[in-house]
Amino acid sequence: MRALNLDGVHHAVVVAPHSDDETIGAFFTISTLRRRGVRVDVIVVTDGSASHRNSRAYPKQKLVVLRQAETLSAMQLAGVPPAHVTFLGLPDGGLRDLTMEEEYNALGCFRARPQPDLLIVPSEHDDHPDHRTVAGLCDRSWPTAIRRLRYVVWPSQRSSVNTFGGETGLYGSAAAKRAALRRYRSQTGLIQDDPDGFCLTPEMIARMCQPCERFTC
């Protein structure tokens, strides 16, 4: 694995299918870029409402608001100001069924900001269908000449992502990343009244907070 070279980067755009994916996939990288004075824009594509569909304590809109606040809090730890975080609010778990209008609007939101010189986006080989859909949207939104780093949150059990391109990575503090991920209280045990709700287990968090972030490029 080659060391990640961030020299010459002035503007990066990070695309997250769900609130927390930007932290899992690129917290070290975002923090490093911000310490260098690089502008970082974060785009969260879905509203995150599918994680606890049956919670009475956190009905849909309340959960959406909470998840957005958690993203802003985690990104504040990385040095990204709230004004540089955009929430598109598309349906969580339903990106494969977007209407043409919804897809057109999403592409427009991606392209609306100044063109970056670095994209940090989900991999098309991620096991989550939302992640694969967002990867395709990103490929259609920006010219292929723009440098891309692709991250995997949910590794596929069918193949090794490392076979699909060169691999690069950046080391950082696993403790700092765990602290950022713990800002996502909705995903780490806060919501107790939905037995079918999603929760990051200690084993998941340990895997996601290794001292190196890996990307294909």
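Helices, taken as H or I runs of at least four residues, and strands, taken as E runs of at least two, are DSSP runs numbered from the N terminus. On that basis the protein, which is a predicted model, holds 6 helices and 8 strands. Their order along the sequence is β-β-α-β-α-β-α-β-α-β-β-α-α-β. The radius of gyration is 16 Å, close to the 17 Å that the globule rule gives for 217 residues, so the protein is as compact as a globular protein of that length.

**Overall dimensions, burial and surface**

- Along its principal axes, the C-alpha trace of the protein spans about 50 × 40 × 40 Å.
- Of the 217 residues in the protein, 49% are buried, and the accessible surface comes to about 10,200 Å², with 51% of that surface belonging to carbon and sulfur atoms.
- Among the contacts with a separation of 6 or more, 83% are made by residues that lie 24 or more positions apart.
- The protein carries 26 positive and 24 negative charges, and the mean positions of these two sets are 5 Å apart.

**Asp20, in the loop between strand E2 and helix H1**

- Asp20 belongs to the loop that runs between strand E2 (11-16) and helix H1 (21-35), and its phi is near 110 degrees, a positive value in a residue other than glycine.
- Asp20 counts as buried because its relative accessibility is 6%, where the cut-off for buried is under 20%.
- Leaving out residues up to four places away in sequence, Asp20 touches Arg67, Thr71, Leu181, Tyr184, Gln187 and Leu200.
- One of these partners, Tyr184, is 164 residues from Asp20 in sequence, yet the C-alpha atoms of Asp20 and Tyr184 are 7.0 Å apart in space.

**Ser55 and Arg56, in the loop between strand E3 and helix H2**

- Ser55 is found in the loop between E3 and H2, and Arg56 is placed in that loop too, with strand E3 covering 39-46 and helix H2 covering 60-78.
- Ser55 has a relative accessibility of 6% and therefore counts as buried, whereas Arg56, with a relative accessibility of 79%, counts as exposed, the cut-off for exposed being over 50%.
- The side chain of Ser55 makes a polar contact with the side chain of Asp193 at 2.7 Å, and a polar atom of the Ser55 side chain also lies 2.9 Å from the backbone nitrogen of Tyr58.
- When residues up to four places away in sequence are not counted, Ser55 touches Ile191, Asp193 and Asp194.
- Arg56 and Leu4 are 52 residues apart along the chain, and their C-alpha atoms are separated by 44 Å.

**Thr168, in strand E7**

- Thr168 is part of strand E7, which comprises residues 167-171, and a relative accessibility of 3% is the reason why Thr168 counts as buried.
- A polar atom of the Thr168 side chain lies 3.3 Å from the backbone nitrogen of Leu4.
- With neighbours within four places in sequence left aside, Thr168 is in contact with Met1, Arg2, Ala3 and Leu4, as well as with Leu149, Glu213, Arg214, Phe215 and Cys217.

How values were computed. Residues are numbered from 1 along each chain as its sequence is written. This is a predicted model: local features need pLDDT of at least 70, side-chain atom pairs count only at pLDDT 80 or more; totals for chains, interfaces and linings use all residues. Side-chain values use heavy atoms; hydrogens and water are left out. Buried means under 20% relative accessible area, exposed over 50%, partly exposed in between (1.4 Å probe, protein chains only). Contact means heavy atoms within 4.5 Å. A polar contact is a pair of N or O atoms within 3.5 Å; within protein, one must be able to donate a hydrogen and the other to accept it, and residues adjacent in sequence count only if both atoms are side-chain atoms. The radius of gyration is taken over C-alpha atoms; the globule rule is 2.2 Å times the number of residues to the power 0.38. Accessible areas come from the Shrake-Rupley method with a 1.4 Å probe; for residues, only the protein chains shown count as cover. Lys and Arg count as positive and Asp and Glu as negative; His and the chain ends are not counted. The place of a charge is taken as NZ of Lys, CZ of Arg, CG of Asp or CD of Glu.
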